[in-house]
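Me: Could you take a close look at one part of this protein for me, and then show me how it sits in the rest? I'd like one connected walk-through rather than a list.

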Amino acid sequence: MKILITGGAGYIGSHTVELFGKLGHDIMVIDNLSKGHKEAVLYGKLVVADTGNKEKMKELLSSFKPDAVIHFAASIEVGESVKDPAKFFENNTVNTLRLLEAMVETKVNNFIFSSTAAVYGNPIKVPIPETHPTNPINPYGKSKLFIEKILEDFNKSYGLNYISLRYFNAAGADPKGRIGESHNPETHLIPLILKAAKGERESIKIFGTDYPTPDGTCIRDFIHVCDLADAHLLALEYLLESGESGVFNCGYGKGFSVKEVITTAKKVTGKDFKVDETERREGDPPILVADSTELKEKLNWKPKYEDLEFIIRTAWNWELNRRF
Ligand SMILES: NC(=O)c1ccc[n+]([C@@H]2O[C@H](COP(=O)([O-])OP(=O)(O)OC[C@H]3O[C@@H](n4cnc5c(N)ncnc54)[C@H](O)[C@@H]3O)[C@@H](O)[C@H]2O)c1
């Protein structure tokens, strides 16, 4: 297949590029390198461009003629979205709309979208099924939900077929250690814990120990980034075969608490480090766990790395030997 991958120099994008590349697919990566790393692109051609530049997108789509677009490019930090919502509506909503228009105008009709569990807001039911009401509580989640809504109408009116994948917490790294998570600033739990283990941070903070969970800390569904990459391949094959658009949760359906992740990280790294228990942060639901029955049954997704120790071991290996 010929696949255009936006945001392919970023964390999840680069692991997906690696998967499609090793299977022999022809890849064009578009990334403005605002957050990504060109060294992370292991396959295909990297074009440094912005998805909001519609004319450039049309030019690239017309010349490359991809079978599909997988769209990772976005601004991702929830806290920043609260401080500066305009940036998120601009980059995640408007720039994606420009890309979708460019696709319609160049007749590229298949789209895989990086959505997020943040579209659900505070869940009223866990594990969370795709049919759960969407009620995002921050601009980041809203900026993604708007695109899901736009996709429904682009599908009806222009015949653009799509699958939105709602990721829970992506984690871990390439088991061969070539690529991994490298966000700046880093806000994700596992890399932050590992920086504390490495001595690059003084301590790791736990925000809230009085949640209604067994150990009082929040519970999240951590999915290994390579299993997540696999979900993109299956989603794309399904879309191309069936032409049926849809929405799928991506998570294991099992959560780990912040304290459990810290304990496992101490075991994997063999390091002890300081843990500070502090107040709750605003807007953190106690439990976010996916109901991923649809992904497993409809797309035949079979996770390979559903093991917290393995996830942390690959992330630790990356942290110790990172290239960028
Ligand atoms: N990391 C997670 O746990 C998680 C969870 C849910 C959803 N997501 C979504 O998955 C996607 C990828 O996340 P990630 O963690 O890999 O983020 P990332 O920041 O590592 O990757 C995003 C990439 O997109 C590029 N980019 C951003 N805006 C662009 C633009 N306008 N034009 C071209 N390139 C642009 C950045 O340079 C970066 O390389 C995002 O859409 C994010 O919202 C991530």
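Reply: Let's start with a cut-off, since the main point leans on it: a residue is buried if 20 or more other C-beta atoms lie within 10 Å of its own. Keep in mind too that this is a predicted model. The part I'd pick is helix α1, residues 11-22.

By that cut-off, nine of the twelve residues of α1 are buried, so the helix is largely enclosed by the rest of the structure. The buried ones are Y11, I12, G13, S14, H15, T16, V17, E18 and F20. What do they pack against? The neighbours are β1 (2-6), β2, β4 (68-71), β5, β7 and α7.

Is the length of α1 what you'd expect for a helix? Its end C-alpha atoms are 17 Å apart, and at 1.5 Å a residue the twelve residues should span 16 Å, so the two agree. Right after the helix comes G24, with a positive phi of about 90°.

Now for the ligand, where α1 turns up again. There are 29 residues around the ligand, and G7, G10, G36, A73 and A74 are the closest. Which element gives the most to this shell? That's α1, with three residues. The other elements that supply at least two residues each are β2 (26-31), α4 (85-106), β5 (110-116) and β7 (169-171). Two of these, β2 and β5, are also among the elements that the buried residues of α1 pack against. By class, the shell comes out as 15 polar, eleven nonpolar and three charged residues.

Helix α5 makes a handy second example. It runs over residues 139-158, and its 20 residues should span 28 Å at 1.5 Å a residue; the end C-alpha atoms sit 27 Å apart, which agrees. Buried here are P139, Y140, G141, K142, S143, K144, L145, I147, L151 and F154. They pack against α3 (78-83), α4, β5 and β6 (161-167). So what links the two helices? Strand β5 is on the packing list of α5 and on that of α1 as well. After α5 you find G159, with a positive phi near 70°.

Let's zoom out. The protein is split into domain 1 (2-171 + 223-250) and domain 2 (189-220 + 253-321). Their C-alpha centres lie 24 Å apart. Across the boundary, 24 residues of domain 1 are in contact with 21 residues of domain 2. On the domain 1 side, β7, α7 (225-242) and β11 (246-250) each give two or more residues, and α7 gives the most, with seven. That side is made up of 16 nonpolar, five polar and three charged residues. Here's the tie back to our helix: β7 and α7 are both elements that the buried residues of α1 pack against.

Two residues from domain 2 are worth a glance. A197 is part of helix α6 (residues 189-198) and is buried, with 23 other C-beta atoms within 10 Å. A197 touches A265, T269, K271 and F273, leaving aside residues up to four places away in sequence. One of these, K271, is 74 residues from A197 in sequence, while the C-alpha atoms are 5.7 Å apart. G255, in the loop between β11 and β12 (256-257), is buried too, with 21 other C-beta atoms within 10 Å. Its contacts, again leaving aside residues up to four places away, are I219, R220, D221, I287 and V289. By contrast with that list of contacts, L194 is 61 residues from G255 in sequence and 19 Å away in space, C-alpha to C-alpha.

Finally, the whole protein. It has ten helices and 14 strands, and 47% of its 324 residues count as buried. Among contacts between residues at least 6 apart in sequence, 79% join residues at least 24 apart. The C-alpha atoms fill a box of roughly 55 × 40 × 40 Å along the principal axes. The radius of gyration is 19 Å, which agrees with the value near 20 Å for a compact globule of 324 residues.

Methods
Residues are numbered from 1 along each chain as its sequence is written. This is a predicted model: local features need pLDDT of at least 70, side-chain atom pairs count only at pLDDT 80 or more; totals for chains, interfaces and linings use all residues. Helices (H or I, at least four residues) and strands (E, at least two) are DSSP runs, numbered from the N terminus. The radius of gyration is taken over C-alpha atoms; the globule rule is 2.2 Å times the number of residues to the power 0.38. Two residues are in contact if their C-beta atoms, placed from the backbone, lie within 7 Å. A residue is near a molecule or strand if its C-beta atom, placed from the backbone, lies within 6 Å of it. Ala, Val, Leu, Ile, Met, Phe, Trp, Tyr, Cys and Pro count as nonpolar, Asp, Glu, Lys and Arg as charged, and the others, Gly among them, as polar. The expected span of a helix is 1.5 Å times one less than its number of residues. Domain bounds come from an automatic or database domain assignment.
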